[in-house]
Amino acid sequence: MPKKPSKSPAGKGPRTPAKKPARVAAKRPTAAPTDLSQERIVRALETIAAHLAAQGKPALEPESFERADAYVWHPDGRLSAVPRVSRVELFLLKGVDRMRDILMENTERFAGGLPANNALLWGARGMGKSSLVKAAHASINADRKPADRLKLIEIHREDIETLPLLMEKLRDASFRFIVFIDDLSFDGNDASYKSLKAVLEGGIEGRPENVILYATSNRRHLLARDMIENERSTAINPGEAVEEKVSLSDRFGLWLGFHRCSQDEYLAMVRGYCGHFGIKVADDALEREALEWSTTRGSRSGRVAWQFVQELAGRLGVKLATA
């Protein structure tokens, strides 16, 4: 049968077959070889890996330690020299005679190459714990030749996890070092105490022979009670977990306890500062004002005595030139 003509829309003639668009011979870009792309990816990954490695472990450049006697440790591997240490003279520290003598003897042994203990200075606030460490360091160095001087390095509490890195830096140095940690304590889920524990005693390398650690703390056991109780309640063997945390303090061979001073000791501190800095005040007036100052602060300590002396010196126009 003959094919019927297709119907066209109303008002239009017969549908004409649509013309196919002419093919445009477009030249496609040639794809990069697979091996070239892979090579670029490998190079990029190597660059990223090198950058991350540099951030993760700082390079330990050689340190001469001849430019200063005191330094501050930074977690990126740097040691900043401290040309002038904020400290007071050893003889100005009152009410801590026994602790002073023990720490000085321990430090002298260490400086002379003899066995000495890491020391934990714990107890009441403001009683001269950190001042004693800095004063002992200065006193030991007073009569020593530059090549025999002790170096004091302070590491901040929040940087404890980098302590092994600092030990690596000091291990082969020719000087002897006091690594000083001020206001040391641990709270909550802080696990950085393990880095300190390994350095104090127990690691494969152990503490370098030319390094000793001095720390100050308001706590005898360094760990908050709720932290210990939390370990007791969550551990499989509660006794062992608590023992591990309490044993941190035991790894300091020397414990020096600082207690609140008496009124006579407090007044002796004030008189000692006034005599050293040339602050001239009648003794009865000095005693009356010093006691009033301590009463308004609710405590007596070396720090309170020093704050009173600063107030008195400022009022009288006397400059306080510390060492």
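**Close-up 1. Aspartate 97 and its salt-bridge partner in helix α2.** Aspartate 97 counts as partly exposed in this predicted model, with a relative accessibility of 42%. Its side chain meets that of arginine 100 in a salt bridge, 3.5 Å from N to O. Both residues sit in helix α2, which covers residues 97–111. They are 3 residues apart there, so about one helical turn separates them. Arginine 100 is partly exposed too, at 21% relative accessible area; that value just misses the buried class because buried means under 20%.

**Close-up 2. Further along helix α2: arginine 109 with glutamate 105.** Here's another salt bridge, with 2.7 Å from N to O between the side chains of arginine 109 and glutamate 105. The two are 4 residues apart in helix α2, about one turn of the helix. Arginine 109 comes out as partly exposed at 39% relative accessibility, and glutamate 105 is partly exposed at 42%. As a rule, side chains of opposite charge can pair when their charged atoms come close.

**Close-up 3. A salt bridge from helix α9 to helix α8.** This view takes in glutamate 287 and arginine 271, whose closest N and O atoms are 3.2 Å apart in a salt bridge. Glutamate 287 belongs to helix α9 (residues 283–297), while arginine 271 belongs to helix α8 (residues 263–277), so the pair ties together parts 16 residues apart in sequence. Both ends are partly exposed: glutamate 287 has a relative accessibility of 30%, and arginine 271 has 33%.

**Close-up 4. Asp69, Arg149 and Lys151 as a network.** Salt bridges link these three residues, Asp69, Arg149 and Lys151, in a network. For the wider picture, the count of salt bridges in the model comes to 12.

**Close-up 5. Phenylalanine 258 in the largest nonpolar core.** Now for the greasy part: the largest nonpolar core has 49 residues. Phe258 is among those with the most contacts inside it, along with Leu103, Leu121, Leu132, Tyr266, Val270 and Phe308. What does phenylalanine 258 contact, leaving aside its neighbours within four places in sequence? The list includes Val96, Met99, Leu121, Trp122, Ala124, Met127 and Leu132. Gly123, Gly128 and Lys129 are also in contact with phenylalanine 258.

**Close-up 6. The second core.** There's a separate core as well, made of 29 residues. Among them are Phe65, Phe177, Leu184 and Val211. In soluble globular proteins, nonpolar side chains tend to be buried together.

Definitions and conventions: Residues are numbered from 1 along each chain as its sequence is written. This is a predicted model: local features need pLDDT of at least 70, side-chain atom pairs count only at pLDDT 80 or more; totals for chains, interfaces and linings use all residues. Side-chain values use heavy atoms; hydrogens and water are left out. A nonpolar core is a set of buried Ala, Val, Leu, Ile, Met, Phe, Trp, Tyr and Cys residues joined through side-chain atoms within 4.5 Å. Buried means under 20% relative accessible area, exposed over 50%, partly exposed in between (1.4 Å probe, protein chains only). Contact means heavy atoms within 4.5 Å. A salt bridge is a side-chain nitrogen of Lys or Arg within 4 Å of a carboxyl oxygen of Asp or Glu.
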